[in-house]
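Please work through the exercises below with the sequence and the coordinates at hand. Each task is followed by a solution in steps.

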Amino acid sequence: MTQSEAIRSVAAASRRTRHDLVALRTAEAARRAEAVSEARARAGVDEAALRRAREAWVASLPHDTAALWLALCDVSDPELPISLVDLGLIYDIRRVDTHVDVDCTFTASACPCMAFIKEDIRDRLLEEPNVSSVQVHEVWDPPWTVERMTEEGRAVLRGAGVTV
């Protein structure tokens, strides 16, 4: 095998790996969304009331970041059937032109999913129009408590059998 053939082979393998990774992440996101939907159904969440509450919440947000907050409602915790927003992990979102900074915390300083969560935040926000870069900042003050969770989030977790 020539050097150029070897380079092409490695490049093709790299593209396949990225494609496989995207397919796996898409399948995982669909699985999480289904788990959230099932937990909501078990919790008896009124989807119409939830939609009205979410629309009111979005209307109260700064115009430049409202869509970004809403986008992060699509990102679920890897271990629980709840969005990062409903779990209260997102503290702030700031936008300067096409760059977005996100302040987030975790439920524990030794959370094994921190890297996955940061990657999911970045990946989801990069899908938004006019977002070209995302920086996720870990914030530990104030510390996370269950009081940061939304009422919907608490209902969903109760539906999943988690006491909050």
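The exercises that follow concern a predicted model.

**Exercise 1. Confidence and overall layout**

Task: Determine which elements of the protein chain have the lowest and the highest confidence, and describe the order of its secondary structure.

Solution:
- Step 1. The mean pLDDT of the protein chain is 84, and 85% of its residues reach 70 or more.
- Step 2. By element, helix α1 (residues 3-43) has the lowest confidence, with a mean of 68, whereas β2 has the highest, at 98.
- Step 3. Where pLDDT is low, predicted coordinates should not be read in detail.
- Step 4. The chain contains 6 helices and 3 strands, arranged along the sequence as α-α-α-α-β-β-α-β-α.
- Step 5. Of the 164 residues, 38% count as buried. Among contacts with a separation of 6 or more, 62% come from residues 24 or more positions apart.

**Exercise 2. The sheet and the helices across it**

Task: Establish the strand order of the sheet, and state which strands helices α3 and α5 lie across.

Solution:
- Step 1. The sheet is open, with 3 strands in the order β1-β2-β3 and mixed pairing.
- Step 2. The edges are β1 (90-96) and β3 (133-138); each has a single partner strand, so one side of each lacks a neighbour in the sheet.
- Step 3. From one strand to the next, the twist averages 15°.
- Step 4. The pairing of β1 with β2 (residues 99-104) is antiparallel and spans 6 bridges. One bridge partner can be named: V96 is matched by H99 in β2.
- Step 5. Helix α3 (residues 63-72) lies across β1 and β2 and runs at about 135° to β1. Helix α5 (residues 114-126) lies across β1, β2 and β3, at about 150° to β3.

**Exercise 3. Aromatic pairs**

Task: Find the aromatic pairs of the whole structure and state which parts of the chain they join.

Solution:
- Step 1. The search of the whole structure yields 2 aromatic pairs.
- Step 2. W57 and W69 are edge-to-face, 6.0 Å centre to centre with 85° between the planes.
- Step 3. Because W57 belongs to helix α2 (residues 47-60) and W69 to helix α3, this pair ties together parts 12 residues apart in sequence.
- Step 4. W57 is partly exposed, at a relative accessible area of 25%, while W69 is buried, at 11%.
- Step 5. F106 and W140 form a tilted pair, 6.0 Å centre to centre with 45° between the planes. F106 sits in the loop between β2 and α5, and W140 in the loop between β3 and α6 (151-159), so that distant parts of the chain, 34 residues apart, are linked.
- Step 6. F106 is buried at 2% relative accessibility, and W140 is partly exposed at 34%.

**Exercise 4. Backbone geometry**

Task: Locate D97, N130 and P142 in the chain and describe their backbone geometry.

Solution:
- Step 1. As a reference, most residues other than glycine have a negative phi, and most peptide bonds are trans.
- Step 2. D97 is not a glycine, yet its phi is positive, about 55°. D97 lies in the loop between β1 and β2 and is exposed, with a relative accessible area of 68%.
- Step 3. N130, also not a glycine, has a positive phi of about 60°. N130 is in the loop between α5 and β3 and is exposed, at 59%.
- Step 4. D141 and P142 are joined by a cis peptide bond with omega of about 5°; P142 falls in the loop between β3 and α6.

Conventions. Residues numbered from 1 in each chain as written. Predicted model: local features only at pLDDT ≥ 70, side-chain atom pairs only at ≥ 80, totals over all residues. Heavy atoms only, no water. Pairing = 2+ DSSP bridges. Helix = DSSP H or I, 4+ residues; strand = E, 2+ residues; numbered from the N terminus. Axes fitted to C-alpha atoms, helices over the stretch in contact; angles between N-to-C directions. Contact = heavy atoms within 4.5 Å. Phe/Tyr/Trp six-rings, centres within 6.5 Å; stacked < 30°, edge-to-face > 60°. Buried < 20%, exposed > 50% of the residue type's maximum accessible area, 1.4 Å probe, protein only. pLDDT = per-residue confidence, 0-100.
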